[in-house]
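Curious how the labels on a structure get decided? Let's take a few of them and check each against its cut-off.

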Amino acid sequence: MLSIVTLISGRGSNFEAIVKTAQKEQWPVKFAGVIANHSAAKGLDFARSQGIPAYVIEHKEHASRESFDAALIEQIDALGADLVVLAGFMRILTPRFIRHFEGRLMNIHPALLPAFPGLHTHERALEAGVKEHGATVHFVTEGVDEGPIICQACVPVLDGDSADTLAARVLAAEHQIYPRAVKWFLDGRLRIEGNQVKLQPPESQFIKL
């Protein structure tokens, strides 16, 4: 049975979606722990309600990003993580951390990468006048939001959309594709070839909502 450790900074709604999907579909998986970078992260309460070990490593208590990431690595390794899932973890990770978990570090980004990497994706999508927006699950590499794409979901941009209404539509899509991507990893179906992820046996890695 493979183990997942999740990193959060806030509500962790994608973490909640993954756990609930795993329970519904009876995945053979162990949620070994959730780690937040501050004690106010609401997702810790959900973890505790599910009997999932919850930890806090306060980034403000570390003098450097390297020191904080070293503490993270130590805790994640102690929990025996096969997969590390970033679910709204609002910290830039160091190259050492990323290399340590290479090929088993997963993130979700609220845009159709490579479009709109970084922050404020919904505002930028509206400013650009795109007709479709969405979310991307990808493996994490040292380039920000540049890792191999596992799957994507596309949603329409509607007349009169605000950043908030568009964000809500994208978040609903995130809750569909992140559990799917995690299950593919657990089932051993993902193969990284260069900067592409191949799914075996083949299945659509793009959904339109």
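## Labels and their cut-offs

Cys154 counts as buried, because its relative accessibility is 1%. This is a predicted model, so local features need pLDDT of at least 70 and side-chain atom pairs count only at pLDDT 80 or more, while totals for chains, interfaces and linings use all residues. Residues are numbered from 1 along each chain as its sequence is written, and side-chain values use heavy atoms, with hydrogens and water left out.

Q: What makes Cys151 buried or exposed?
A: Buried means under 20% relative accessible area, exposed over 50%, and partly exposed in between, using a 1.4 Å probe and protein chains only. Cys151 comes in at 3%, so it counts as buried.

Q: Why is there no bond between the sulfur of Cys151 and the closest cysteine sulfur?
A: A disulfide is a pair of cysteine sulfur atoms within 2.5 Å. The closest cysteine sulfur to that of Cys151 belongs to Cys154 and sits 13 Å away, so it's too far for a bond. Cys154 is in no disulfide either, with the sulfur of Cys151 as its nearest at 13 Å. The structure holds 0 disulfides.

Q: Why does Asn37 count as buried?
A: Its relative accessibility is just 3%, so Asn37 gets that label. You'll find Asn37 in the loop between strand E2 (29-36) and helix H2 (43-49). Those names come from DSSP runs, numbered from the N terminus: helices (H or I) have at least four residues, strands (E) at least two.

Q: What joins the side chains of Asn37 and Ser9?
A: A polar contact of 2.6 Å. The term covers a pair of N or O atoms within 3.5 Å; within protein, one must be able to donate a hydrogen and the other to accept it, and residues adjacent in sequence count only if both atoms are side-chain atoms. The Asn37 side chain also makes a polar contact with that of His59, at 2.9 Å.

Q: How do you know that strand E8 and E9 pair?
A: Two strands pair if DSSP finds at least two bridges between them. E8 (residues 190-193) and E9 are joined by 4 bridges and run antiparallel. Ile192 has Val197 in E9 as its bridge partner, and Glu193 stands opposite Gln196.

Q: Which residues form the covered face of strand E9?
A: Val197 and Leu199 do, while Gln196 and Lys198 make up the uncovered one. In a regular strand the side chains alternate between the two faces of the sheet.
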